Amino acid sequence: TSVGVPRESVAGERRVALVPGVVERLCAQGLEVRVEPGAGQAALIPDDAFTKAGAHLGDPWSADVVVKVNPPSAAEIGKLPRGSTLIGFLAPLTDPDLAPRLRAAGVAGFALESVPRISRAQSMDALSSQANVAGYRAVLLAASECTRFFPMLTTAAGTVKPASVLVLGVGVAGLQALATAKRLGARTTGYDVRPEVADQVRSVGAKWLDLGVSAVGEGGYARELTEDERAEQAQRLSAAISGFDVVITTALVPGRPAPRLVPAEAVRRMRPGSVIVDLAGAAGGNCELSEPDRTTVDHEVTIAAPLNLPATMPEHASELYARNVQALLELMLVDGRLAPDFTDEVLAAACITRSEPGEGHLSPS
Ligand code: NAD
């Protein structure tokens, strides 16, 4: 079985789907790994690190399995042979056209976003591994944009108060943001609509902001709020926000526009020099004033809405992502051959399309 690793084509992307350490493990299991020359360059992984790990340099698209970070472009789909398998972020909820296009091309697609959030599948949870990077990086971005210190400083020239950081939406990214801000010495507070998050917030030394609105949906995710709940939340949040130096927002509801948690008037009541980092930009943003992929200033408050923070830490982001891909791929292998068991709940959920009968080794029997 051959595995192809293309160079990512999306602008600004610096990650690569496999790293040499993972290539070595796959080769030890009898797989042949084909890496596109320069695939790891932006992640600072030279071609010869891949070849030393046992990979060949060459055309990744003719492999049995192609592993990617970003969803394929139309041109890339055109390069995938019928009967092949694609593993990567495939945006199943936000780009529902991709599955039918892969099906028409005779390609089986496994979306890392669709891996269920269950204990057994934690090693394949790329949403979590990349959200950890984003949450960490969001705090560093906020700290560098903020005109004030994060830690309390006691110096001969006087004492500086610690910054107060509010994290809205405490999933994986939010929890990492709270922990990172705490390590930098800030006073931290977290808020989420899932009440079970309160204990996790406290476990990283943060206060829990209780607004009395709870909205638990399916699969451990939040649901969208009703009109009434939204109004209640907005009013209470808006009052709380102005007291913080930094607000980091990560609130998402799968497949839906991001909830609007920070209205313009709340931003305008923040102290000059404060910072908002909005990690929900790709889903429209949690802050009314966010401009996805841009950093703007409104009433002396900096609002950053970066779209791909994991790509700004390509070494570790790729390393973690590669382990997620490896774990999913290994679940699909029997004696080194691709033979996914679709009765397995993880594979059944991750598979967004199967190749048609008679088109290769992934045909349903
Ligand atoms: P996510 O990226 O979908 O959303 C981020 C956070 O925003 C979530 O905590 C969500 O509750 C919150 N949110 C949504 N709407 C909101 C609103 N209106 N106001 C405030 N907050 C709002 O979440 P995620 O990081 O992908 O995590 C999703 C779930 O999966 C969590 O329960 C997480 O703990 C769980 N998880 C489980 C495992 C596992 O057991 N294997 C691994 C990772 C994550």
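Glu315 is partly exposed, because 15 other C-beta atoms lie within 10 Å; by the convention used here, a residue is buried if 20 or more other C-beta atoms lie within 10 Å of its own, exposed if 12 or fewer, and partly exposed in between, with C-beta atoms placed from the backbone. Glu315 belongs to helix H10 (residues 314-332), where helices (H or I, at least four residues) and strands (E, at least two) are DSSP runs, numbered from the N terminus. The structure is a predicted model, in which local features need pLDDT of at least 70 and side-chain atom pairs count only at pLDDT 80 or more, while totals for chains, interfaces and linings use all residues. Residues are numbered from 1 along each chain as its sequence is written.

Although Glu315 and Leu44 are 271 residues apart along the chain, their C-alpha atoms are separated by 7.0 Å. When residues up to four places away in sequence are not counted, Glu315 touches Ala43 and Leu44, contact being defined by C-beta atoms, placed from the backbone, that lie within 7 Å. Ala42 is found in the loop between strand S2 (32-35) and helix H2 (47-52), and with 17 other C-beta atoms within 10 Å it is partly exposed. Again leaving out residues up to four places away in sequence, Ala42 touches Arg14 and Pro314, and its C-alpha atom is separated by 6.9 Å from that of Arg15, 27 residues apart along the chain.

From here the path leads to helix H1 (residues 20-28), whose buried residues are Pro20, Val22, Val23 and Leu26. Seen down the axis of H1, these residues fall within an arc of 155 degrees, so they line one face of the helix; the arc is that of the directions from the helix axis to the C-beta atoms. The cover over the buried residues of H1 includes strand S1 (2-5), S2, H2 and H10. Just after H1, Gly30 takes a positive phi of about 90 degrees.

Val23 also appears among the contacts of Leu18, which, leaving aside neighbours within four places in sequence, is in contact with Val5, Val23, Val33, Val67, Ala322 and Val325. Leu18 is, with Ala138, Ile248 and Leu328, one of the residues that touch the most other members of the largest nonpolar core, which has 106 residues. Helix H5 gives the most to this core, with 11 residues. Such a core is a set of buried Ala, Val, Leu, Ile, Met, Phe, Trp, Tyr and Cys residues joined through C-beta atoms within 7 Å.

The shell around the ligand draws on H5 as well, since helix H5 (126-145) and helix H6 (172-183) each supply at least two of its residues. Of the 30 residues around the ligand, Gly169, Gly171, Ala222, Ala251 and Pro259 come nearest, a residue being near if its C-beta atom, placed from the backbone, lies within 6 Å of the molecule. By class, the shell has 18 nonpolar, eight polar and four charged residues; Ala, Val, Leu, Ile, Met, Phe, Trp, Tyr, Cys and Pro count as nonpolar, Asp, Glu, Lys and Arg as charged, and the others, Gly among them, as polar.

H6 has 12 residues and reaches 17 Å from its first C-alpha to its last, close to the 16 Å expected, the expected span being 1.5 Å times one less than the number of residues. The buried residues of H6 are Ala173, Gly174, Leu175, Gln176, Ala177, Leu178, Thr180 and Ala181, and what covers them includes H5, S9, strand S10 (187-191), helix H7 (197-203) and S12. Just after H6, Gly185 takes a positive phi of about 100 degrees.

Helix H8 (residues 227-241) has 15 residues and reaches 21 Å from its first C-alpha to its last, close to the 21 Å expected. Its buried residues are Gln233, Leu237 and Ile241, and these fall within an arc of 55 degrees seen down the axis, so they line one face of H8. On the other side of H8, Glu227, Asp228, Ala231, Gln235 and Ala239 are exposed. The cover over the buried residues of H8 includes strand S9 (164-168), strand S12 (246-249) and helix H9 (264-268).

Two loops complete the path. Most residues other than glycine have a negative phi. Glu300, in the loop between strand S14 (295-298) and strand S15 (301-304), has a positive phi of about 65 degrees although it is not a glycine, and Glu300 counts as exposed because it has 12 C-beta neighbours inside 10 Å. Asp335 lies in the loop between strand S16 (333-334) and strand S17 (337-338), and its phi is near 50 degrees, also a positive value. Asp335 counts as exposed, with 8 C-beta neighbours inside 10 Å.

Key
Two residues are in contact if their C-beta atoms, placed from the backbone, lie within 7 Å.
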